[in-house]
Structure formats: structure tokens, C-alpha cells
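Let's take a friendly tour of the aromatic rings and the charges that sit over them. The structure comes up just below, so keep it open as you read.

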Amino acid sequence: MQALALRRRPRPKPEPTPLPGVAPLTLAFDAQTPEQISIRAPLTRTVAAGTTVLAQYKLAGSTTWRSAGPLFQVEVATLPAGAPAGIVDAFAGCIFDLQPGALYDVQLTVNEPGLAATTAVGAQSTRALPAAAPAANKTATPATLAAQLATLAPGDCLELAPGTYAPFTLAEARSGTATAPIYIRGASRADVVVHAPTGVAVLWAASYVVLENMTLRGSGLDSGTAASSAGIVFSTGLTSPQRNATIRHLTATGFDRFCKAYEPVIGRLVYNCSIVGNNSWAKTYEINPESGGPNYTWNDDGVSGPGQGNCFFDCSITGHGDTFKIQSSRGVFFSAATFMYRVACDRTGDDFAELDDATGNCAVYDCAVKNAGSGLSVDGIYGGPIYFFRNRVANTARGPIKPTSDSQNVAILSNTFLRTNSATGFGLYASASGANLNWRVRNNAILYRGTGDVIRWDASLPNLNWNHNAIYPASGANITLGAGRGAYNGLAAAKSALAPLMANDVAAPSDPFATPVALPADYKTEYTGSMDWSLAAGVSLRNTGVALAGITDGFSGIAPDIGAVIAGRLAANAGDGSSLPSWIRNQALNTWAALPTSNTLADLNPDNDPLVNPNYPGTAPWRAAGSHASIITAWCGAVADQDAAQLHWLNCGGHNDGYPAAAYALNLQAETPYYQRLNKPSGAVGLPPENYATEFARGIYAVDMSGRHRAQHTESFQFMWPGQGICTMSGILLANTGGAVESKPYISSPTTGEMTFRSAVSNQKGNGSFDAACYDPVRNVGWKKEAGGSNKFWKWSGPATDTWTAVGADHYLSGGLSLAYCPTHDLILVGNGDNSGTGSGTLNQTIAGGFGVFDPATGTLYAKGVTATYPVFTGAPALNAAWSTGLSPGLCLPQWEPSLGAFLAWDMSAGSTTQIMRITPPASGDPRTGAWAVDHLPVAGSNTVTPSPAAANGTYGRFAVYPKLGICVVVNAVGETGYFFKYKNV
């Protein structure tokens, strides 16, 4: 009998000893995407329980680190069965709201109990969006398309002539490269149509291809769960996954599925598309979604497929089953760095976002969703994290969130969920299947206008972080928050029993919105109302959230608002831009046009209105040396309201130029834009009588008989203070001639124009000509600097505490001034110089070259001719004392454009008025001493409109940039409609 050999069990490998000062992880990243960085930091040893990792980031060259919040711990031991290969113990998480094609420094700080904090530092670039298509070097007609596709080589641009085309294939052999992609574009988005009455319109096997500017048309008939009509399908069985497929500026109609991948794809971008599928809302409930039977919208994916680095954004979509989907019927794959953002959906029969089988570092945010089976599905998450934040979700058939199997590390943050009676009979519902581990649920508005429990979460919720949410109804409806925690009638009972969970939750009204929102009686009636869910003043959701790094950044007030719309943050536009007015949509890119307004400011002249002028048709009592035109010509600016898409003139007109306190607005969101007068001028019919000559004797800027500040040269010292109104930081009040001077800022309402004086006495803060001011969202303060006086920069706390603080050294800056905050570097761009210098075109300025920067963190000014170290501004035009364009750095007001990562400015003389200056911080190095690039936005050769020259006394904020609309606006005279320039497609 053969003896059995004894086997020795191998000894376990010893755990590495923690090394002092060495982080227990390696900083690494998932695939690049345009506006996010996905951190995946594998552990090099086991860390102690309770270890946290905080992520920070900054634009390369900046010295200001910003928090991205704590990362999530991924533990292989907790993963559900069937996890894909490649997942290791790590800390992971995402940084959001970044610039495309920019380099960022990233720092992780590890806090491990019992050990000193350690750090890991690295750098990662976001992905640049594919450049605009070059000039076509190949063309095709419906008869020649197949032959031309067979000839494509890297760098080619194939343009399809107007016509109707048969379905086609993008072969793997016809791929571009990372540096020389292939472009296939229609000559006209509407007139180039690829029609597939059956089957697939485009079969896609190639890599590094951009498909753009055309229409794909399908069967127009719903095929049920067969999903037989498809727009774009990615081929399977290839030698390697498709990479960097870009689908943009398309219209797709009549497909069950729009864009489908069964196997992993890498770096697919789908953006600026309008997509309409074949499903009606009735298909959602013809078979009860909870019955388990076939749902007619199943398999009708909008955009789907596993992989890494895939993004779906800035699109409008309706009529599918799962609008966005990662899961594949071919298996479970490593799927990470996948994002859907700024998508508007009017109708989707199953899940708006089905992230089932995702690995992690995936997110859905800034979306507007109407009429969905569910908002988010997370049935089986392999490590996470998954983010769902700043979304507005109305009228779901099931629940807004659907976790029906194991998941880990899911963050549901700052959303608004609004529901009526539903198929489940509950507000927020999760069935008792699976474990939902390490969920963070914070700052959400959960508003349920139906019957039954407001929250019914029967699944297990270990290590739950639930707080600062707003709930309606807060009484008379049960709350169950995880298996084993019990059910409680009303919020008060739940808070008492579950503390510290829900400790800071608040009771919400049923309709907390500034514009009331009416829902149908039950979910079967499609909701078609507005998604403008700004909060009403004074509701419980205001300033009762908690600051969440990377989510609520920029909020105004003592704390962020609860819900998706946060005061202080510029609300994102969801959709492909089809909701924009037609005058913007139809304008050619990089061209100027006259604003198609229905009136002008001159039409609103109160002198000519018998209902306003008490002396009509005689001279108005407010008239002095000037006229109504002085609201522009008397060194007056304007203030852009980004949320309302308005431009405001408040208290403009100068002193002895002679115009009274009055307010006007230009409304840009309307199909026909228009000017309006917001209030009557002082001395008007129904207001206390005014005599300008008498009142002027009381002082240049005296309070008038209506209690308003007299009209001013508003220059560049007004700005929008989020959540407060329009701030004027150089209010100057003289008690009487020869009396003491007291200087106070004031806040004006953007809806009525009426002002409220603040209590801060600020006569020592500068009250000379050409003061400049700006808002600082990092510190929630206003900054002010006086021109012509040797004084410091001053920081005002605003209405909260009314305190002023002098910062830094005294600096004498002669000439005009402008201040503009740079959010990527936490700096203030300082413009200096007006047109009052001697000699032809010579500027009156102290800062040589016109621009410098002020560091609000240290109170240090960096400016050539003023300080020893300074930045350099290079490019065209040459920055010297006589600019050929006419622009004066102190008479313009640069405006930050986040998608360009640059300031835009305009104050141009005749011959240069089509040019918009672009001022870009350095991509690397220190922006306080580095080289800033100065150039102009491109103007299309087809441009036919030339704006009028800048008003002689400056432009200031009358040139305004509206990133949500993709346009710049300038108004140079009361008798003009104004001009706009379309610099990007929104």
C-alpha cells in the first residue's frame, strides 16, 4: 500500500508593518472622463477599523486645495456573489464639476486610529472633449456612402450631403486614432437622415470615431420586449473593446433602443442629443411593474452598456424603458467611471438610471426626470461608490430609489423626490431583499402626496448615515428605516427612536416651491409640469441642510438648502438645449446678432409716460443735466442674474447726470426677449414729490424723498449675491451739506428693484470714483477696492453679520477698476485702467499691462508696477498702455465662463467690436506669478453682424456672459435692442 504524502499548509504571509509617514494605499485612478476624476486607491495593507480617507484637489498651478469629501472603503469580503475580476480592497470616490481637458493635483489624507495622518499625492487630467470637426476632406451622398466609408483613414472628416441614407456599418478596420479621430458628420442635422424601418441604423465596431450632426430615424412602432428597432448597436466579438466613440449633436426618433452595447466599451461619450423612443407612458402600467410579469418597456434601453469612462450628458430623452443602463445580458463586467449628468427625461417606463452590476465610481447628477418607473436602481453593486445627487424626480410608478439586492457605498444626496399615489402605495420604498451597506442619505427632499407610509425601507441598512432630509408628510404616515429598526408614526416619533439617525431631519410642506407644483391624482397620469423647483422664501428646507463637499459647494446662507436646487449654486441646465428660445437655438455658432427684443430701454423712458411723470408732458421733476440715456452713458454698468437669465440696471444714472432711483431688466429666457421697468422712479405719480435741484443740495448721493439711494455711476461695484439680491457696495450717503459722511452698502430686490440699506458704516472703506467689487463664494463675502485712494482691499460679511475687515497692504490704484472672482484658483482678477489718460488711446492706470491678481486667502496683490512679483498676461492684443481694441481693463468687467475655464471681457471700439477677449489662467504653475493667456473667441467667417462700439464711459457689467444659454450679451445704448454672441452650443 502506497503511503500518503503529508502536505504542509503554507504559512500566511505576514501583514506589513505600518511605516511611519507612509500612506497604506496607492493613489490611482479609473478611466478619464470630461468633468470628473475617479479615484481608486488600492490598500497596501489592512487598515484599522474606523480609518477615513479625505480627498482634496486643485487645478494644477493653484495653491488652493478644495475638499472632495471622504472616500468610501471598498472591501472585497462584503461584495455580493458573482463580482467581476479586478476589484481589490481600496478607498474609492469621485471629484465632480471639473473642467474638461484640465490637469488637477489630487491629495488623499489617511486618518487611521492610533497613527499619525499620512498623505498620498498624485495628478490626473480630465478628458478633453473631441475638438470640432475639421473641414471635410471627403463627402458622400446616399449613393456613395458605403464606398466612402470603406476608404476612411485616421484624421478624415466625411461630410454627408442632405438626403435619406440607408443603415450603415462602421467597421473595426476603419478606426481613427487617439490623436487623429475620424469624423462622420451631416451637412445639416435636420436634412441628413439615416432611416432604418427595421433593425439597426448604425452598427458600430470602430474606435476613435465621432458621429455628429444628423438625424437617425427608426421604425416608429413599439415592438414590446423584442426591442427590434435600434439606433446604434456596438458590435460584439471584436479583438478589443471599442474606444472613444463619440455620438453628439444627433436627433434620434422612433427607436426602441437608441444606443446599445452588450460588451464593455471604453470612453464612449453621448452628448447634446435629442432622443425620442417608441414607448408611451401607458406602457409603464399596462402590466403592474410589481407583478413580476413582462413589462412592455423592458429591453428598451436608451443608452446602455458596461465598461469604463463612458458618459451620457446634456441630452433630452423620452420614451424608453431604462434610460441609462450598465447591466448586460452577456455577463457582469468591471464597470467604473461611468456618469450620466444634466439629462432631461420626460418619460421612461422602467428605471431612469439602472446601475445594476456596476463596480463603482459611477454617478447620476443634475438631471430632471418626469414619469419614471424608478429614479435609480442599484440591484447588485460590487463595491461602489454610487452617487445620485442634485436630481429632480417627479412622479415615479414604484419608488424613486430601487435597491432590491445587495449594494454597498451608495450616496443619495441633495435630491428632490416629488410623488403622488403610486403603484407601491408608499413614498420611498425598498423591499426586504438584500443588504444596503454603508449608504449615505442626506439633504434630500422626500415629498409624498399619496396615501400609505411616507418611508418604507424594509431591507437591511447596516452602517446607515441618514440625516438633514426634509419629509412630507411629517405626521400621520409611518416611517420604517431598515430591517430591525421598527416602524414609527410620524417624523417626531422616528427621530426620537432612531437618533442619531434623522436627528436633523425637518418637516416639509407639501409644496415648498416658489412656483406651486401640481401633481396628478395618481402616477398613471403623466406629469407635464415645470421642473423649476426653486424653493419659496422662508420654507423649512431653506438653510437646514448640511455642507457636503463637492455637492453643495457655493451655497449661500448659514447652511445649504435641502433638495436639488440650492441657493447660491448656479442650477444646471438639464437637456440638449431644446428648451432654449429659438433665437438662441437657431443662431449659428460663433456669430453675432441683434437681440430680437420686443422693445428697448428707450421705450420705457418714464419721462414719456403720463402714468409715471407727474408733470407730463412737461419736464419730469427728476430731470437735471442728463437724460434717460444716462442709465448707460453715465459710467453705468449692469448685473447678470444667471438663474433668471436677466440683466439688471439698478439705480443707474449718475448724480448730476440726473436720473432718479429706478430699476430695469432685460429678460433673455423668453421666446421674444424684452426689457421691463421694475419700479417707478422716485418722484413718480403715487410717490413722494421730488425736486432734483433741491435734493442735490443735500449731497451728491443723498437719500431721496422715497428713502432710496440717489442714482449712481454704478461702474463695477454691483454684483449678484446668491440668495440675497443685487449688492451695491459703494452706497454713499451724505446727511447734509457739510455734515458727516456715512457710507453703507445696500441690497436690491431683482424682482422689484427696491433697496434695503445695511447697517455697516463704511466711510473708511473707500467711496471714490471707480470703486470695484465682487462676490467671493468660498468665503460668502463681498470684496471691494477703491480706485484713486491709497487703501486696502475690504471684505464685507454681507447681511449675515454686517462686518467689514481690511485685508492686506495699502495700494494706490489710479484709474478705473474691476474685480472678478476666479473659482478654479480662488483668486480675484483685478483690472485697472480707464480711457482718461493723456495722448491718443493712452490708459490712465497703475497696474502695468492692465491686469493683476489678488489672493483673498493671504490678502496679497500681485500686479506689475505695483508689487515685486506679479503674473504676466501674454497673447493678442499686446497688453500695454494703448490697446488697439479700445478695451480698458477698468471699464470692462471680466466674466468667468466655467466650461471655457477663462474670463471673457468686452469694451471694444469701432473696428474691434466683434472681438471678445478671453483671459485664461495658466494650466500649470502659480497663477499669481505665471503666464496668463490672452486671446479672442473665434468669430465665424459667416458672421454678418457688427455690434456698435462701446459707450464712451465704459461697458462694465453691460457685457454679460450666460453659460446656461451659451451666449454673451452687450447693451451700448438705450435706443438699441443690444447684441448677443453665441459662443457655444448648450
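## Lysines over rings

K260 lies over the face of Y262, 5.1 Å from the centre of the ring. This, like everything below, is read from a predicted model.

There is another such contact to look at: the charged end of K58 sits over the ring of W65, at 5.2 Å from its centre.

## Aromatic pairs: F96 and F339

Turning to rings that meet other rings, a search of the whole structure finds 30 aromatic pairs. One of them joins F96 and F339 in an edge-to-face arrangement, with 6.2 Å centre to centre and 90° between the planes. This pair links distant parts of the chain, 243 residues apart. F96 belongs to the loop between strand 5 (90–95) and strand 6 (103–111), while F339 is in strand 27 (residues 336–341).

Both F96 and F339 are buried. They also belong to one aromatic cluster, whose other members include F72, Y271, F313 and Y341, along with Y365, Y387 and F389.

## Aromatic pairs: W721 and W796

W721 and W796 form an edge-to-face aromatic pair, 5.6 Å centre to centre with 80° between the planes. Because W721 lies in strand 52 (residues 718–721) and W796 in strand 60 (residues 790–796), the pair ties together parts that are 75 residues apart in sequence.

Are these two tryptophans buried or exposed? W721 is buried, with a relative accessible area of 2%. W796 is buried as well, and its relative accessible area is 0%.

Key. Residues are numbered from 1 along each chain as its sequence is written. This is a predicted model: local features need pLDDT of at least 70, side-chain atom pairs count only at pLDDT 80 or more; totals for chains, interfaces and linings use all residues. Side-chain values use heavy atoms; hydrogens and water are left out. Rings of Phe, Tyr and Trp (its six-membered ring) pair if their centres lie within 6.5 Å; planes under 30 degrees apart count as stacked, over 60 as edge-to-face and the rest as tilted. Helices (H or I, at least four residues) and strands (E, at least two) are DSSP runs, numbered from the N terminus. Buried means under 20% relative accessible area, exposed over 50%, partly exposed in between (1.4 Å probe, protein chains only). A charge sits over a ring if NZ of Lys or CZ of Arg is within 6 Å of the ring centre and within 35 degrees of the ring normal.
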